[in-house]
Amino acid sequence: MGFDIENMVVKNETTALDSFLEQVYRDTGYDFREYKRGTLTRRLERRFRATGVKTYLDYIEFLDAHPEEYQKLADDLTIKVSGSFRSPYTFQQVTRLVLPELMSFKRNQEGRRLKFWSIACARGEEPYSIAILLAEFLGNRQQHFNISIYATDISRQALQEAQAGIYSSKDIESLTPTVLENYFTRYDKGYVVNSNIKQMVNFSYFDLTSTIRQPFMDVDCIFCCNALIYLQKALQERVLGMLYDSLAAPGYLVLGEVETLTNNLNGKLECLDARTKIYKKNGGDNV
Ligand SMILES: C[S@@+](CC[C@H](N)C(=O)[O-])C[C@H]1O[C@@H](n2cnc3c(N)ncnc32)[C@H](O)[C@@H]1O
């Protein structure tokens, strides 16, 4: 029987990464233990290069000596690529399949409270897109609804930038001149989101790996786009379970186009559009 050195090396690497992630969790509360390994190792290599270390052990020592490195690590491990109306067809389908039904249900509800949640909102592109979508859809009727768009992320830096709502011309190049004119104001070399859109969005810190508590309840529509793909299946299941419990009934869940529901939600949500991954939790009167 030969000695399987390749297997040994991979195993040792995995163990080293596991212990490293355990330590990061113990020291900081950042829980990357159930993120997909491929993305994590690629991103960690960047930190290794930036700090000039070669092993996890060296990097732990570096972190001990330079605690400010923890934030850089967390920032590098979370991928913040986003865009305004990033997936235009999804927003189009939300306008077609979700908003008319939701508004007709809400019209008969006391308080006409509308709650949206953009979980993993990056620099605010997604929640501001939701706000603009609602403003466009409702027009003058907006005054009859009490709208909250919760926007959460693990990156405090991204949340700060989101709150400022300032984007370069490149950031918002996908927007039409009419949307720019109606919802943004020129600012320095870019644009800032107008205050009537900003005031619809509440930004706050939320780590979606802490699935034992729901920060918001009775949410009418949750956007959970392009965050699940970085997580291992078991964690995806727990996150989706938590989101299911946070949804009102009727309530709607929008995933990223490349994401899928996990088995624990099979049969619990109705698929409204398989391409754009829009699902509905049924229940409530009239719908
Ligand atoms: C690729 S962006 C997606 C942004 C937006 N939802 C979209 O689809 O364009 C992924 C976001 O997930 C956030 N994220 C990663 N891990 C997280 C966690 N544990 N809790 C909350 N947000 C997290 C990152 O900070 C990043 O902003």
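Visitor: Which atom of the ligand does a backbone N or O atom of Cys225 lie close to, and at what distance in Å?

Guide: Bear in mind that this is a predicted model. In it, a backbone N or O atom of Cys225 lies 2.9 Å from a nitrogen atom of the ligand. Leu208 also has a backbone N or O atom 2.9 Å from a ligand nitrogen, and a polar backbone atom of Ala120 is 2.8 Å from a nitrogen atom of the ligand.

Visitor: How much of the ligand does the protein bury?

Guide: Taken alone, the ligand exposes 600 Å², and the protein buries 98% of that. As for the surroundings, 20 residues are around the ligand, and the closest are Tyr35, Ser82, Arg86, Ala120 and Asp153.

Visitor: On to the sheet. How do strands of a sheet pair?

Guide: They pair through backbone hydrogen bonds, either parallel or antiparallel. Here, 7 strands make an open sheet with mixed pairing, in the order 6-2-1-7-8-10-9.

Visitor: Why is one side of strand 6 and of strand 9 left without a neighbour in the sheet?

Guide: Strand 6 (201–205) and strand 9 (270–273) are at the edges, so each has a single partner strand. From one strand to the next, the twist averages 20 degrees.

Visitor: In which sense do strand 8 and strand 10 pair, parallel or antiparallel?

Guide: Antiparallel: strand 8 (residues 247–255) and strand 10 (residues 278–281) share 4 bridges. Val254 stands opposite Ile278 in strand 10.

Visitor: Which strands does helix 5 touch?

Guide: Helix 5 (residues 88–107) packs on the sheet and touches strands 1, 7, 8, 9 and 10, with its direction at about 175 degrees to that of strand 8. Helix 7 (residues 156–164) lies across strand 2 and strand 6, at about 165 degrees to strand 6.

Methods:
Residues numbered from 1 in each chain as written. Predicted model: local features only at pLDDT ≥ 70, side-chain atom pairs only at ≥ 80, totals over all residues. Heavy atoms only, no water. Pairing = 2+ DSSP bridges. Helix = DSSP H or I, 4+ residues; strand = E, 2+ residues; numbered from the N terminus. Axes fitted to C-alpha atoms, helices over the stretch in contact; angles between N-to-C directions. Contact = heavy atoms within 4.5 Å. Near = heavy atom within 4 Å. Polar contact = N/O pair within 3.5 Å; in protein donor to acceptor, adjacent residues only side chain to side chain. Areas by Shrake-Rupley, 256 points an atom, 1.4 Å probe, with all protein chains shown as cover.
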